[in-house]
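Colleague: I'd like a close look at one part of this model, the one where the aromatic rings come together. Please start with the cysteines, then work towards the rings and on to whatever surrounds them.

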Amino acid sequence: MKIIRVILKHSPARATCWIHLHHNLYADSSDSSFNKNENVENLKSESVSSHHHSSVSSLSGDGEGEQRKRDSEYENDVKNKILEASLNFVAEHGWTKAAIVAGAQSVGYPGVVSEMFPLGGSNLVLYYYSVCNDHLREYLIERAEAESQDPDKQKSVKLFIYDAMETRLRMIIPYIDKWPQALATLTLSKAVPTALSNLLILVDDICYYAGDRSVDLDWYVRRIALAGIYKVTELYMLQDKSPDYEETWKFLKKQLDDAATMYSCIQQSEQASQLTKEISIATFTTARNILGLNWKR
C-alpha cells in the first residue's frame with residue numbers, strides 16, 4: 001500500500017495500473033491456488049507486453065501521445081467507477097473521503113485508491129454535479145426534439161426553463177439531508193473553479209435548449225440571472241419541509257416571474273440596461289478567464 005501511495009503522488013496513471021493489478025489478482029477470493037498463479041503469470045505477461053509497447057511507442061511522438069491518451073482514459077474510467085460506487089455510501093459517511101474509500105472497496109479496489117482524489121469529498125460532489133448536468137442535457141435534448149416534431153407539445157421559453165430547473169433541482173433530493181455539506185465542500189478554494197464551471201455549463205445548457213441562440217449582450221444577462229435563480233432556489237430547497245417541495249417550486253416560479261419583470265423594466269431604461277449588460281459581461285468574462293474556457297457555443 002505504501003508503494004501505491006508513493007506512485008499515486010508522482011504518477012497517477014502508473015498507480016492506476018498497480019491498482020488494476022491488485023483488483024484482478026484478488027477480486028475473486030474463491031479462485032484456486034493454481035488459478036491465482038495462472039492469473040499472476042498472465043498479468044506478468046500483460047505487464048511485459050505493455051512495457052514493451054510503451055517502450056516502442058516512446059520512440060515516436062505520436063505513439064507516446066497515444067499511450068498517454070489511453071492511460072488517461074483508463075485512469076478516468078477507474079475514477080468514475082469508484083466515484084459512482086461511492087455515491088451509495090454518502091448517506092452513511094456524507095460527502096467525505098470515507099465514502100470514497102467504502103466505494104472503492106465495494107468494487108474491489110483497495111482503500112488507498114482514495115489518494116487519487118486529492119480534494120476528498122469535494123471530488124465526489126463535483127462528480128455528482130457533473131453527472132446530473134449530463135442527465136439534464138440528455139433530457140433537454142429529448143424535450144427539444146419532441147417539441148420540434150410536434151408543435152402541440154411546445155411550451156413557452158419561461159415554462160421550458162422552469163421545467164428544466166425543477167428537473168435539475170429534483171436530482172439532489174436523494175441526497176438532500178447531506179446537501180448542505182456538499183455545498184460547503186464546494187467553497188474550498190481548489191474546488192471553486194470546477195464548481196463554477198459546472199454551474200455555468202448548467203445554465204448555458206438550459207438557455208441553449210430553450211432556444212437562446214443570441215450572440216448579443218443579452219446572452220450574458222440571461223445566464224447570470226439563471227445562475228443566481230438556481231443557487232437561491234437550491235438554498236431555499238434545503239429548508240423546505242412541504243410535501244414534494246411544493247413551496248420550493250412556487251418560490252422558483254416567483255423568482256423567474258420577478259426576473260422577467262425586472263428584465264423588462266431594465267430594457268426600458270437604456271442606462272440601466274447598459275449597466276446590467278456590462279456587469280454580466282464582466283462576471284462571465286472573469287469566470288471564463290479563470291477556467292480557461294470559451295462558454296459561447
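Modeller: Cysteines first, then: searching the whole structure turns up zero disulfides, a disulfide being a pair of cysteine sulfur atoms within 2.5 Å. Cys 132 is buried at 2% relative accessibility, and Cys 207 is buried as well, at 3%. Buried here means under 20% relative accessible area, exposed means over 50%, and partly exposed is in between, with a 1.4 Å probe and protein chains only.

A word on the ground rules. This is a predicted model, so local features need pLDDT of at least 70 and side-chain atom pairs count only at pLDDT 80 or more, while totals for chains, interfaces and linings use all residues. Residues are numbered from 1 along each chain as its sequence is written, and side-chain values use heavy atoms, with hydrogens and water left out.

For the setting, the protein has 13 helices and zero strands. Those are DSSP runs numbered from the N terminus: helices are H or I with at least four residues, strands are E with at least two. Of its 297 residues, 39% count as buried. Contact means heavy atoms within 4.5 Å, and among the contacts with a separation of 6 or more, 66% come from residues 24 or more positions apart.

Now the rings. There are seven aromatic pairs in the structure. Rings of Phe, Tyr and Trp (for Trp, the six-membered ring) pair if their centres lie within 6.5 Å; planes under 30 degrees apart are stacked, over 60 edge-to-face, and the rest tilted. One of the pairs is Trp 95 with Tyr 128, which is tilted, at 6.1 Å centre to centre and 40° between the planes. Why look at this one? Trp 95 sits in the loop between helix H5 (90-93) and helix H6 (97-106), while Tyr 128 belongs to helix H7 (residues 121-149), so the pair ties together parts 33 residues apart in sequence. Both of these residues are buried. Ring pairs also join Trp 95 and Tyr 128 with Tyr 175 and Trp 179 in a cluster.

Just past Tyr 128 in the numbering, Tyr 129 has a charge over its face: Arg 168 lies there, 4.6 Å from the ring centre. To count, NZ of Lys or CZ of Arg must be within 6 Å of the ring centre and within 35 degrees of the ring normal.

Next, helix H6, which follows the loop that holds Trp 95. Its buried residues are Ala 99, Ile 100, Ala 102, Gly 103 and Ala 104. Take Ala 102, which has a relative accessible area of 15%. Leaving out residues up to four places away in sequence, Ala 102 touches Phe 89 and His 93. Its C-alpha is 9.2 Å from that of Ile 82, 20 residues away in sequence. After H6 comes Gly 108, with a positive phi near 90°.

This stretch also carries a label. An unreviewed UniProt entry annotates residues 75-105 as "domain: Ubiquinone biosynthesis protein COQ9 HTH". UniProt positions are given in the numbering used here, feature names are shortened, and annotations may be inferred rather than shown by experiment. In the model, residues 75-105 are 81% helix and 0% strand, with the end C-alpha atoms 17 Å apart.

Back to the H7 side. Asp 163, in helix H8 (residues 157-170), is buried at 15% relative accessible area. Beyond residues up to four places away in sequence, Asp 163 touches Tyr 139 and Arg 143. Arg 143 comes up again with Lys 153: their C-alpha atoms are 9.1 Å apart, at ten residues along the chain. Lys 153 lies in the loop between H7 and H8, and outside its neighbours within four places its contacts are Ala 146 and Glu 147.

One more spot, further along the chain. Asp 244 sits in the loop between helix H11 (218-238) and helix H12 (246-268), and Tyr 245 is in the loop between H11 and H12 too. Neither is a glycine, yet phi is positive at about 55° for Asp 244 and about 60° for Tyr 245. Asp 244 is partly exposed at 47% relative accessibility, whereas Tyr 245 is buried at 14%.
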